[in-house]
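Colleague: Could you take a close look at the charged pairs for me, and at how exposed their side chains are? I'd like it as one connected story, with some of the surroundings added at the end.

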Amino acid sequence: MTRIHLSKADVTGVEQDYVLDAMRSGWIAPLGPHVDAFEQEMCERLGVQHALALSSGTAALHLALQEIGARPGTAVVVPSMTFAATAWPVVYCGAEPIFVDSGDDANLDVGLFLEGIDTLQREGTTVVAAVSVDLFGRSADYDALVPGLAEREVPLVEDAAEALGATFGGRQAASFGRAGVLSFNGNKIMTTSGGGMLLSDDKHLIDHARYLSTQARQPVDYYEHTEIGYNYRLSNLLAALGRGQLARLDEMLARRREIRQLYVAALGDVPGVRFLGRDDPARSDAEDNCWLTCIVLDPTVVGVGPEQVMAALAAEDIESRPLWKPMHLQPVFAGARAFVNGTSQRLFETGVALPSGSGLTDGDIERVIGVLKETLGQ
Ligand SMILES: Cc1ncc(COP(=O)(O)O)c(C=O)c1O
């Protein structure tokens with residue numbers, strides 16, 4: 001019996017050819033033709049003007065926030081329910097992260113988010129940026145968020161680390177903010193083993209972030225620096241891997257969506273089991289990149305909790321995971337300001353992320369479904 005992973009990298013001969021080409025070209029460096037082409041191809045795919053390939057999504061968020069002006073004495077509003085890397089860069093910049101709770105789909109509660117900003121601005125806090133997260137591959141509600149932030153003159157950074165290929169109203173995830181961020185970490189919908197990208201229509205923002213990401217070297221022959229720099233660029237070899245993955249992205253997206261359909265067909269009618277992000281009839285799985293399919297259990301209806309479900313899956317060598325533990329409940333952020341409505345905590349306590357990788361076969365998914373049905377008493 002082979003182990004079934006949550007979201008394993010899906011790599012084929014296509015990627016091998018790209019990486020071999022990079023190796024043979026002699027461009028074994030954090031720059032080169034594959035880096036340039038990778039940035040260009042991503043811009044074209046997402047409909048954004050400028051892109052900067054980086055060593056991680058975290059690095060991209062760090063540069064985005066720094067460019068927008070996050071610094072000591074300012075605050076950045078961040079969804080509480082996310083992976084910690086959304087919040088780390090706020091702290092790297094010396095700014096204060098302020099957390100806001102979720103709606104039922106786990107994405108940020110736009111009403112609470114905007115109310116929170118109003119409260120902070122009334123109190124005289126400089127809210128220098130707001131970060132949205134397209135959680136588990138489903139876009140936040142930009143129809144409400146974008147005008148709300150514009151009215152309050154707060155720039156948006158879109159953390160689309162989990163959401164490449166998702167859309168909202170026909171627009172691609174990572175294209176909604178003043179800056180957008182992607183991750184190509186090994187567990188994401190496409191990977192460079194580790195990597196990320198910063199996207200923006202603002203040429204100056206990307207040009208300056210590019211300069212900071214390459215050790216802030218002044219354009220002279222000797223090493224001259226007037227600002228603190230970073231070593232954040234993506235290597236040409238990894239950009240080649242990224243181009244191979246990008247060439248297969250539509251195929252991988254289609255498979256993740258098929259996997260979602262298999263789960264929904266088998267478990268959609270089980271009382272007390274809800275699929276995260278499928279409640280709004282106006283939005284479909286075609287807009288979601290289906291990075292992770294997650295279920296939420298109603299403890300008053302289902303006799304088991306997420307721990308039992310995860311334990312039953314683990315006993316069959318199947319990986320699953322709780323939903324992200326909200327940042328306002330993390331020991332490292334104890335005492336941080338938060339606008340809370342209880343939803344993210346409830347989702348954390350009742351949700352399970354299921355194996356969703358595009359390399360999984362129908363047989364693998366049937367194995368997962370079999371364990372789930374048994375555990376849920378079906
Ligand atoms: C929502 C979110 N933001 C940021 C990141 C950070 O990306 P990276 O691992 O590429 O630094 C991740 C995932 O790793 C993520 O899930």
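Modeller: Let's settle the wording before going in: a residue is called buried under 20% relative accessible area, exposed over 50%, and partly exposed in between. Keep in mind that this is a predicted model.

Take Lys203 and Asp207 to start with. Their side chains meet in a salt bridge, at 2.7 Å from N to O. Asp207 has a relative accessible area of 35%, so it falls in the partly exposed class. Lys203 is at 48% relative accessibility, and that too counts as partly exposed. Both sit in helix α7, which covers residues 203-213, and because they are 4 residues apart there, about one helical turn separates them. As background, side chains of opposite charge can pair when their charged atoms come close.

How many salt bridges does the structure hold? The count is 23. One of them makes a good contrast with the pair inside α7: Asp104 bridges to Arg346, with 3.7 Å between the closest N and O atoms. The cut-off for a salt bridge is 4 Å between a side-chain nitrogen of Lys or Arg and a carboxyl oxygen of Asp or Glu, so this pair makes the list. Asp104 belongs to the loop between β3 (96-100) and α5 (110-122), while Arg346 is in helix α11 (residues 343-350), so the bridge ties together parts that are 242 residues apart in sequence. As for exposure, Asp104 has a relative accessible area of 47% and is partly exposed. Arg346, with 45%, is also partly exposed.

Next up are Arg278 and Asp285, whose side chains meet in a salt bridge at 3.0 Å, N to O. Which of the two is buried, and which is partly exposed? Arg278 has a relative accessible area of 33%, which makes it partly exposed. Asp285 comes in at 10%, so by the 20% limit it is buried. Beyond separate pairs, there's a network too: Asp10, Glu15, Arg248 and Glu251 are joined by salt bridges that share partners.

Now for some surroundings without charge pairing. Leu20 is part of helix α1, residues 13-25. Together with Met23 and Ile28, Leu20 makes a nonpolar patch on the surface, and the three have about 280 Å² of accessible area between them. Leu20 itself has 36% relative accessibility, so the label is partly exposed. For the opposite extreme, look at Val76 in strand β2, residues 74-79. Val76 is buried, at 0% relative accessibility. Its C-alpha atom is 9.5 Å from that of Ile117, a residue 41 positions away along the chain.

Last, the helix packing. Helix α1 packs with helix α8 (residues 236-247) at an angle of about 150 degrees, the axes being 8 Å apart. That makes the two roughly antiparallel, and their crossing is right-handed. Helices α10 (residues 306-315) and α12 (residues 362-375) cross at roughly 135 degrees, and their axes come within 10 Å. Roughly antiparallel needs an angle over 145 degrees, so α10 and α12 count as oblique instead. The crossing of α10 and α12 is right-handed.

Notes:
Residues are numbered from 1 along each chain as its sequence is written. This is a predicted model: local features need pLDDT of at least 70, side-chain atom pairs count only at pLDDT 80 or more; totals for chains, interfaces and linings use all residues. Side-chain values use heavy atoms; hydrogens and water are left out. Patches are made of residues with over 30% relative accessible area and no salt bridge: like charges are joined within 9 Å, nonpolar side chains (Val, Leu, Ile, Met, Phe, Trp, Tyr) within 5 Å. Accessible areas come from the Shrake-Rupley method with a 1.4 Å probe; for residues, only the protein chains shown count as cover. Buried means under 20% relative accessible area, exposed over 50%, partly exposed in between (1.4 Å probe, protein chains only). Axes are lines fitted to C-alpha atoms, for helices over the stretch in contact, and angles run from 0 to 180 degrees between N-to-C directions. Angles under 35 degrees count as roughly parallel, over 145 as roughly antiparallel, 65 to 115 as roughly perpendicular and the rest as oblique. A crossing is left-handed if the near helix is turned anticlockwise from the far one by less than a right angle, and right-handed if clockwise.
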